[in-house]
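Q: I am new to this structure and would like to learn how to read it. Could we go through it one feature at a time?

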Amino acid sequence: RRCAVGKAIEEVSHRFNERWSKARTMVRINDLRPKTMRICHIAPSATVIGEVYLGHRTTIQNNCVLRGDINSISTEPYVYIGEGCVLHTCASLPTGMEAELFIDSWSIIESNCTLYSCSIGKYCHVGEGSVIMEGAQLEEGAVVAPGSVVPPGRVVPAGQMWGGNPIKFLNFLEHKHPKTVQKLAYHYSDVGA
């Protein structure tokens, strides 16, 4: 037997020829519950699970999965996470550091990226389809080119562009780059919210 709410949703969706997602956006695991600060945009088809802290004006697009079931995932204000991204954590790192995933403010993660227990600094830009492995760190203003793979424990220095599989140094960035990323992140957060 179906509940009354389920029937009502199906009736409305048939009337407008739309399909409603029956997936839950925010999923609690035991006592681990996602928390958002002020205004956040989480797309209806995105899933946020467990110990996840989203900063003000964080935008999470369609079909993203943020899985904070093993360790925490934290974002600071004005972070953009594009469509189809998967963010998850491991139990521990071989270096002994915390295995949480942290994204600092004004950073952009483009579509179809996979981030695994890493640290992303301020004003960073991760290109589409990139993979960032456990323990990797992107320092302030770093850029990872589309389709790149950042191996475990690698540090991408501030103000540099790296790319490839595995990544290697490509270029130094102009001093104006952080402001450009900041404007883009602000624009994405306005469009998303």
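The turns below take up strands, the nonpolar core and aromatic rings in this predicted model.

Q: How do strands of a sheet pair, and what is the strand order of the open sheet of eight strands?
A: Strands of a sheet pair through backbone hydrogen bonds, and the sense is either parallel or antiparallel. Here, an open sheet of eight strands runs in the order β3-β5-β7-β10-β13-β16-β19-β20, and its pairing is mixed.

Q: Which are the edge strands?
A: They are β3, residues 41-42, and β20, residues 168-172, each of which pairs on one side only.

Q: In what sense do β13 and β16 pair, parallel or antiparallel?
A: Strand β13 (residues 125-126) and strand β16 (residues 143-144) are paired in the parallel sense, over two bridges. Valine 126 has valine 144 of β16 as its bridge partner.

Q: Which strands are joined to β4 by two bridges?
A: Strand β1, residues 26-27, is joined to β4 by two bridges and runs parallel to β4. Valine 27 stands opposite isoleucine 49 of β4. Strand β2, residues 35-36, is also parallel to β4 and joined by two bridges; threonine 36 has leucine 54 in β4 as its bridge partner.

Q: Over how many bridges do β4 and β6 pair?
A: Six bridges, in the parallel sense. Tyrosine 53 has serine 74 in β6 as its bridge partner.

Q: Where do nonpolar side chains tend to be in soluble globular proteins, and which residues of the largest nonpolar core touch the most other members?
A: In soluble globular proteins, such side chains tend to be buried together. In this model the largest nonpolar core has 31 residues, and Leu66, Ile81 and Leu115 touch the most other members. The elements giving two or more residues to this core are β4 (47-54), β6 (65-75) and β9 (101-103). β4 gives the most, with three residues, and six of the eight residues in β4 are buried.

Q: What is isoleucine 81 in contact with, leaving aside its neighbours within four places in sequence?
A: The contacts of isoleucine 81 include Thr59, Gln61, Leu66, Leu87 and Ile103. Apart from the largest core lies another core of seven residues, including Tyr78 and Val181.

Q: How many aromatic pairs are there, and what is the geometry of the pair of tryptophan 162 and phenylalanine 169?
A: There are three aromatic pairs. Tryptophan 162 and phenylalanine 169 are edge-to-face, at 6.3 Å centre to centre and 80° between the planes. Ring pairs link Trp162, Phe169 and Phe172 into a cluster.

Q: Why does tryptophan 162 count as buried?
A: Its relative accessibility is 12%, so tryptophan 162 counts as buried. Phenylalanine 169 counts as partly exposed because its relative accessibility is 37%.

Note on methods
Residues are numbered from 1 along each chain as its sequence is written. This is a predicted model: local features need pLDDT of at least 70, side-chain atom pairs count only at pLDDT 80 or more; totals for chains, interfaces and linings use all residues. Side-chain values use heavy atoms; hydrogens and water are left out. Rings of Phe, Tyr and Trp (its six-membered ring) pair if their centres lie within 6.5 Å; planes under 30 degrees apart count as stacked, over 60 as edge-to-face and the rest as tilted. Buried means under 20% relative accessible area, exposed over 50%, partly exposed in between (1.4 Å probe, protein chains only). Two strands pair if DSSP finds at least two bridges between them. Helices (H or I, at least four residues) and strands (E, at least two) are DSSP runs, numbered from the N terminus. A nonpolar core is a set of buried Ala, Val, Leu, Ile, Met, Phe, Trp, Tyr and Cys residues joined through side-chain atoms within 4.5 Å. Contact means heavy atoms within 4.5 Å.
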